[in-house]
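Visitor: I am new to this structure, and I would like to be led through it slowly. Could we look at it together?

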Amino acid sequence: MLSTTYPKIFVKVPALDDSELTHTIENAIKTAVHPERLVFSICLTYKQIVARKELEECLDRYANICDFKVTMQTYHKDLLGVAKGRYITESMYEDEDYVLQIDAHT
């Protein structure tokens with residue numbers, strides 16, 4: 001029997017203490033025709049622990065629906081801001097069929 005693979009969408013989301021991060025993830029999942037085809041690459045840089053906790057809770061809710069590749073790091077002055085987050089999310093790409101770059105507040 002032939003194996004059928006469906007196209008995957010690699011969704012890159014760098015975030016810096018963004019209160020809209022979990023809303024962005026949830027909206028993408030809830031509005032996708034095939035949410036199981038989404039592969040989120042998330043880099044959260046946070047100063048406030050609440051951002052980390054919100055993301056962890058969101059991942060727990062949706063881990064059985066789509067794939068997540070996540071890096072969480074505490075903010076410090078030597079980080080290069082969202083550019084570093086974009087680099088980290090890009091580095092998790094594994095030949096998915098499509099790529100969508102968004103910021104968490106989108």
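Visitor: In which sense do strand β2 and β3 pair?

Guide: Before answering, note that this is a predicted model, in which local features need pLDDT of at least 70 and side-chain atom pairs count only at pLDDT 80 or more, while totals for chains, interfaces and linings use all residues. Residues are numbered from 1 along each chain as its sequence is written, and side-chain values use heavy atoms, with hydrogens and water left out. Strands are DSSP runs (E, at least two residues), just as helices are runs of H or I with at least four residues, numbered from the N terminus, and two strands pair if DSSP finds at least two bridges between them. Strand β2, residues 38-46, is joined to β3 over eight bridges, and the sense of the pairing is parallel.

Visitor: Which residue in β3 is the bridge partner of cysteine 43?

Guide: The bridge from cysteine 43 leads into β3, where its partner is threonine 71. The wider setting is an open sheet of four strands with parallel pairing, in the order β3-β2-β1-β4, and its edge strands, each pairing on one side only, are β3 (67-74) and β4 (98-101). So the bridge partner to look for, in β3, is threonine 71.

Visitor: What angle does helix α2 make with β3?

Guide: Helix α2, residues 49-62, packs on the sheet and touches β2 and β3, where contact means heavy atoms within 4.5 Å. Axes are lines fitted to C-alpha atoms, for helices over the stretch in contact, and angles run from 0 to 180 degrees between N-to-C directions. On that scale, the direction of α2 makes with that of β3 an angle of about 165°.

Visitor: Is threonine 89 buried or exposed?

Guide: Threonine 89 has its place in helix α3, a helix of residues 82-91 that lies across β1, β2, β3 and β4. Leaving aside neighbours within four places in sequence, threonine 89 is in contact with residues including Phe10, Ile42 and Cys43. Buried means under 20% relative accessible area, exposed over 50%, and partly exposed in between, with a 1.4 Å probe and protein chains only. Because its relative accessibility is 0%, threonine 89 counts as buried.

Visitor: Why does aspartate 17 count as partly exposed?

Guide: Aspartate 17 lies in the loop between β1 and α1 (21-31), and its phi is near 45°, a positive value in a residue other than glycine. Aspartate 17 counts as partly exposed because its relative accessibility is 26%.
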